[in-house]
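Okay, thanks everyone. I'd like to walk through some disulfides and then some aromatic pairs, so let me put the structure up.

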Amino acid sequence: MLQYVLIWCFLVLMTAQNDTPEFLFTPLIQNVTEGDNVTLECPARGNPAPAISWDPNNDTLSATENQTTLLIIGVSQSKNYSCTATNRNGTIFQTFNVNVKKKSATFTNQSKTACPLEFIPKRVVERYGASLSVICRPTTTSAEPDIIGWEAPIGKWNLNMPDNKSATWNVEKFEDWTFEPFCFGTFSDNQCSVTLPITLYKTPDTVSISVQNHSGPLQEGRRYTLQCDVFNVAPLAALTVSWLWKGEIILTHTYDDNLTKTPENVTFTWEITAFRNYSNEVITCLTILDPKQDGPSQQVNTSKDFQVIVHYAPEFLFTLLIRNVTEGDNVTLECPARGNPAPAISWDTNNDTLSTTENQTTLLIIGVSQSKSYSCTATNRHGTILQTFNVNVKKTSTSTTTTATTITTTATFMNQPTACPLEFIPKRVVERYGASVSVICRPTTTSAEPDIIGWEAPIGKWNLNMPDNKSATWNVEKFEDWTFEPFCFGTYSDYQCSVTLPITLYKTPDTVSISVQNHSGPLQEGRRYTLQCDVFNVAPLAALTVSWLWKGEIIRTQTYDDHLTKTPENVSSTWEITAFRNYSNEVITCLTILDPKQGGPSQQVNTSAVFKVIVHYAPKFTDEYDSVEVVTGGNVSFGWSAEGNPPPEVKCNYPVAINARATTRGRQHTVSITRATSANGGIYNCVATNEVGTATWQTTLTITPLDHTTGGNYPLILVVILVIIIIIMLLCYYYCTKKHGRYSLISARNNDVPLHKLYRLLTISYDQLYKERAKM
């Protein structure tokens, strides 16, 4: 039984760990100065323990007893040295590059590129007054300094890396605009330092708009300089100031060439000429501070809305200056005017005592008896205008001869509505194309009743329907003539006249749609596009308004007041935009309002189908690592994710190893390494790609050597302890059987394992133990 137990113990020892050699770390490049002593270390593990040998490149060099360390005394030139680790399971080797630099007179304050120190983070960009924490460390484990520290009169720094080879500088509240701390390292043969790049930023205290050398409303036709003042902002190199008109950026200025770090006040101007149609428009000044030079970190501020108020001189709305009437008629003169401020209206009544309306725009003359002129004046602080009305009175004649003459001459009054005492009910027809129409024509007063009244209209029917047949009604069941204008006539004792019925037919659009000019599919970030709203088959255009809605608000409007066509037309309204990624999934709508009656309740509203903005943009890594560090035998996971539209595909290239597992979920790529070895170290390259572009990222994985005096050998230690316990148990058993004279003789067989050597070893060990106990 004992022999089988011992055989099992030997098998455990032989198979506890049966590995090929593996180097514990690989600092393969050594940068040294001429004449230095250089120590190259080549520790390796494996089972059985590997034998280490060196190829010193024909140099006579000394190595340590176990060959893991090679000492080079006074290096004189750059060379390569190879180290080989071998056991019965395999052989591996690695090469050390020793780069020798000639001695220089001084090494203090070397340039940043020459000093092997780096910062985490590499660059500090923080708000003024924020807390800072920065680590200074060597760029590689082969360039560790003897002393490392910070030169900074503010804040505190402490050592916090194994063997005090890195230092962290902390500031609770950083408020020094120009201070630049630096980290120094003292090496065996030189000292150098690197300066930490710091950018402090501060958003503006205020952003405001004013007019240079002017206060109050603007005056039409004059040139003004608008001024946007941005107070107390830093740094100017990261600032962009823009003017917004009707919600669109129309003028932008940057300060890239300004290198000042401290807060400054800046002014951005814009010259405009004041026009009356600018009144009530809104102007805004927009500032964007982007110290990190990437969209998500932008600090946006806007001024209060500046409402444009334009004053202009009075203007008469229409000028019907000649009135031909009959003696005794009542005459109404109208003098509407507009201006800003609203003009005051006054009349020169030519010494007549006449009545006016409350707002003075209308003058009523009762029973005119002779031809006269009447003047209307419109006045505000910016000017005065006047117009004169000529009222021509025709005497009434009772002579037959005169009447005949009058009838002959009144032919010249045909189609003069202002002279003919007839009116319509309703006064004006505004109907949908194809609707029924019914209009009454009647005298304006009972004293002006005609002898004969009727309609001149080839379509529809008319009939007399007022007592004594003094009025006539025209009816059309389905009015579909865009250009036809019927008129009503009246025959009096001494003349004949007519008035034309003002008719407006309207038709809502067949369709309203949005498209992108010369483009289909998603938009691409940064490009300029022209959106087009097409309105098909609408009339009349003079009553149409087309508006663009962005986020539910009207931001752009177009009217067609100067279009006098009555028949249906197709029109397009355009809007230029620059595609930004934050516009994605926003909704744009085209709204049409047809208002033929020029009154809100009668408006006909149509909208396009919703146009959803889709912006494609190139990938950008959002969750990445510059470097990752793990001890030998440890586990580590790190990954990369990228955003973009379309969602990018992330692919990574790195050393292949059986202990590394990669997973990809959408745009997230993760690497998980179990029991890291030197083979896992190196550069991991990742590329994020979509149809718009490509982004790359590199992550360096550093494998830090484990303290191989204990770490990594725990399984072997446990096996050894177990074997020792079994040996002690066997010794006790052997001792007890010998003392009492009990022996067991077993015949030797060919297939038995000879144990006499092991018995002898155990007996010697027991005798030594017994002698030690006797001494006590």
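Let's start with C533 and C590, which form a disulfide with their sulfur atoms 1.8 Å apart. Keep in mind that this is a predicted model. The torsion about that S-S bond is about -85°, so the C533 and C590 link is left-handed. In sequence the two are 57 residues apart, with C533 in strand β48 (residues 528-538) and C590 in strand β52 (residues 587-594), so the pair links distant parts of the chain. And are C533 and C590 buried or exposed? Both of them are buried.

How many disulfides does the structure hold? Nine. Another one is C228 with C285, and here the sulfur atoms are 1.9 Å apart. This link is left-handed as well, with -85° about the S-S bond. C228 sits in strand β21 (residues 223-233) and C285 in strand β25 (residues 282-289), so this bond ties together parts that are 57 residues apart in sequence. C228 has 0% relative accessibility, so it counts as buried, and C285, also at 0%, counts as buried too.

Now for C420 and C497, a disulfide with the sulfur atoms 1.8 Å apart. What's the handedness of this one? The torsion about the S-S bond is about 65°, so it's right-handed. C420 is in the loop between α2 (400-409) and β37 (422-425), while C497 is in strand β44 (residues 496-500), and the two are 77 residues apart. At 4% relative accessibility C420 counts as buried, and C497 is buried with a relative accessible area of 1%.

One more cysteine before I move on: C732 counts as partly exposed, at 44% relative accessibility.

Right, on to the rings. The structure holds 26 aromatic pairs. Take W169 and F174: their ring centres are 6.0 Å apart and the planes are at 90°, so we call that pair edge-to-face. W169 is buried, at 0% relative accessibility, and F174 is buried with a relative accessible area of 0%. W169 also pairs with F179, with centres 6.4 Å apart and planes at 65°, so that's edge-to-face again. W169 lies in strand β15 (residues 167-171) and F179 in the loop between β15 and β16 (182-186), so this pair ties together parts that are 10 residues apart in sequence. F179 is buried, just as W169 is.

Last thing, if you look elsewhere in the model: ring pairs link W243, W245, F268, W270, F275 and Y278 into a cluster. That's it from me.

Methods
Residues are numbered from 1 along each chain as its sequence is written. This is a predicted model: local features need pLDDT of at least 70, side-chain atom pairs count only at pLDDT 80 or more; totals for chains, interfaces and linings use all residues. Side-chain values use heavy atoms; hydrogens and water are left out. Rings of Phe, Tyr and Trp (its six-membered ring) pair if their centres lie within 6.5 Å; planes under 30 degrees apart count as stacked, over 60 as edge-to-face and the rest as tilted. Buried means under 20% relative accessible area, exposed over 50%, partly exposed in between (1.4 Å probe, protein chains only). Helices (H or I, at least four residues) and strands (E, at least two) are DSSP runs, numbered from the N terminus. A disulfide is a pair of cysteine sulfur atoms within 2.5 Å.
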